[in-house]
Amino acid sequence: MLDGKPFQIISGEMHPARIPHEYWRHRIRMAKAMGCNTIAAYVFWNYQEVSPGMFDFSTGNHNIAEFIRICKEEGMWVLLRPGPYVCGEWDFGGLPSYLLKIPDIKVRCMNPRYISAMTGYINRLAKEVVPLQCVNGGPVLMVQIENEYGSYGNDKEYLEALRKLWLAAGIKVPFYTADGPTPYMLEAGHIAGTAIGLDSGTSDANFNQAKNTDATVPAFSSETYPGWLTHWGEKWASPDTADLRKEITYLLKNKKSFNLYVIHGGTNFGYTAGANAGSPTQYQPDITSYDYDAPIDEQGNATPKYRMLRKLISQYVTYKIPEIPKPVKTVSIPEIQLRPFTSIWQNLPSPQLSAQPKPMEALDQNQGLMLYRTRLIGHKSGRLTITEPHDYALVFLDGKFVDTIYRDGGKWSVNLPKSNTENPVLDILVEGMGHINFAQYIIDRKGITDRVTLNGMTLMNWEQYKLPLDEGFVKDLKVSVSDLAPNNDKARFLKGEFKLTATGDTYFDMAKYAKGVLFVNGHNLGRFWNRGPQQCLYCPVSWLNKGDNTVIVFNLQNSDVLTVSGVKSLK
């Protein structure tokens, strides 16, 4: 009920952090033109708390209040999904990686250190969103408590503590929880008095299950899936459209409220993509694109799925659905010649010393690279085992590349060749590829998480070099055009310049490269990897200049100097 009258929520979800700031209004208008009356939005704790105790709610994509106000200006209601845990294929499910610096941290429960950090986040976010509740004239209709908690734990005291924190901070609109439509998930994840979200609600049986859990509150489909996520090495997700049409028809015909997760996915810029794991040795990192096979694609275009849903929704709603906004302008960019200009090996900072390897988070680093270096005493060759490499490691002996180790599958050993050096130098360069964001293995530290052994002997006395490979690190690179050949030319930077007479969105085609990260005019577009399926990285118009532009490719694997170009679409 809204203002005493029945109200059917027809919501499309999108995430402000994944959408270029200048396109927020366009994407909201696209959702409205498909027939939606509501926008659901995750708030990512680790995106807002940029360093421990330091929050950003004012610059660019961090300005959550501005996004919510634009929703109101466009005549849209809002479902707020603030976490503190959200999943969302986002790094660590939105939790800040500084929590992983605490050796015995437990999350999503009444662990005092977790609760303390979480309380700071909720109280700070509340200052932004409390004035924007519908009871205060804003568009926020409901606030979600946690996310799919019944798939993870059963600490009802924790869920109640969350609700009390929000109430004390000034939230007066209804709360809801969201869980899979199974008895055990709903029992563990629901708390009395909150609306029941079903992930997803597709049948009478699902909604009857919600009624059996708590008949005193309304239920809705809090995540109806028009698309799905894609991991590196998989085919592009492309769920069946006929099943989607059937689900939406059921929801519309029966006046069930629902939220499309997602109507528009956007992009996992930088190192924001998460990962999944269903066993201790499994690791499935998400691709950089969050296109999700959603009705509105990564660039903001209407897809055939969008037009089908628009037509279907129009048959059931009484309000007028506006025309579809014009597509965003795109440009192609001719081949840009690149040249090597420096490497990781010319940009090593002062090392930190430790008896045993420490993960990145212990040294206040989130992702990027960490170089681990030691001298071999005793065993000089044989079976080298890293326990555990998180997530992708290159092994070098006396500066010569030996082999790679990838975390997934548990095969963490390589054969170390014999060396003529008295005490050979062992280098292990480790790339973090996204913290696990779902289920029981989310305590997922990066780098080397335990030890390194050679023929069973634990190797001691390590130098660790922090290489965050973020925008600040790349900006401060020391240029060294000489001596670029050590370590078999791995981990080098390539640079090129290009001019544009007109700008627009583009996709940089990285198909010629094996693995690395792309920077355009200082902006981190994200990871590329020839495992696919993604070969092209999205670059919004705001990151390009009329006139002079610079592109930097961090080339982890192959050493050939190549080219890059800009194309008009993802696939």
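**Exercise 1. Classify the lining of the largest cavity, and place that cavity among the enclosed spaces of the model.**

Step 1. By class, the lining of the largest cavity divides into seven nonpolar, two polar and two charged residues, where Ala, Val, Leu, Ile, Met, Phe, Trp, Tyr, Cys and Pro count as nonpolar, Asp, Glu, Lys and Arg as charged, and the others, Gly among them, as polar. The structure is a predicted model, in which local features need pLDDT of at least 70 and side-chain atom pairs count only at pLDDT 80 or more, while totals for chains, interfaces and linings use all residues. Residues are numbered from 1 along each chain as its sequence is written, and side-chain values use heavy atoms, with hydrogens and water left out.

Step 2. The residues behind these classes are Trp228, Leu229, Thr230, Trp236, Ala237, Ile287, Ser289, Tyr290, Asp291, Tyr292 and Asp293. On a 1 Å grid over the protein atoms alone, a cavity is a set of points where a 1.4 Å probe fits but cannot get out, a pocket is an open set with protein on both sides within 12 Å along at least five of seven lines, and lining residues have an atom within 4 Å of a point.

Step 3. The volume of the largest cavity is about 60 Å³, a volume being the space filled by probe spheres set on the points, with grid points joined across faces, edges and corners. There are two cavities of 30 Å³ or more, and the second largest has a volume of about 40 Å³.

**Exercise 2. Describe the largest pocket, and then follow Thr272 from its centre into the surrounding structure.**

Step 1. The largest pocket has a volume of about 1,200 Å³. Of the 40 residues that line this pocket, Asn46, Tyr47, Val50, Thr272 and Asn366 are the closest to its centre.

Step 2. Two or more lining residues come from each of α2 (45-48), β3 (49-51) and β28 (523-529); helices (H or I, at least four residues) and strands (E, at least two) are DSSP runs, numbered from the N terminus. The largest share, three residues, is given by β3, and the lining as a whole comprises 14 nonpolar, 17 polar and nine charged residues.

Step 3. Thr272 sits in the loop between β10 (258-260) and β11 (275-276). Its relative accessibility is 15%, so Thr272 counts as buried (buried is under 20% relative accessible area, exposed over 50%, partly exposed in between, with a 1.4 Å probe and protein chains only).

Step 4. The side chain of Thr272 reaches the backbone oxygen of Phe269 at 2.8 Å. When residues up to four places away in sequence are not counted, Thr272 touches Glu89, Trp90 and Asp91, contact meaning heavy atoms within 4.5 Å.

**Exercise 3. Count the disulfides, and explain the result for Cys71.**

Step 1. A disulfide is a covalent bond between the sulfur atoms of two cysteines. It is counted here as a pair of cysteine sulfur atoms within 2.5 Å, and by this rule the count is zero.

Step 2. Cys71 forms no such bond because its sulfur is 11 Å from the closest cysteine sulfur, in Cys36, which is too far. Cys134 is in no disulfide either, the nearest cysteine sulfur, that of Cys71, being 14 Å away.

Step 3. For accessibility, Cys71 is buried at 0%, whereas Cys134 is partly exposed, with a relative accessible area of 28%.

Key:
A polar contact is a pair of N or O atoms within 3.5 Å; within protein, one must be able to donate a hydrogen and the other to accept it, and residues adjacent in sequence count only if both atoms are side-chain atoms.
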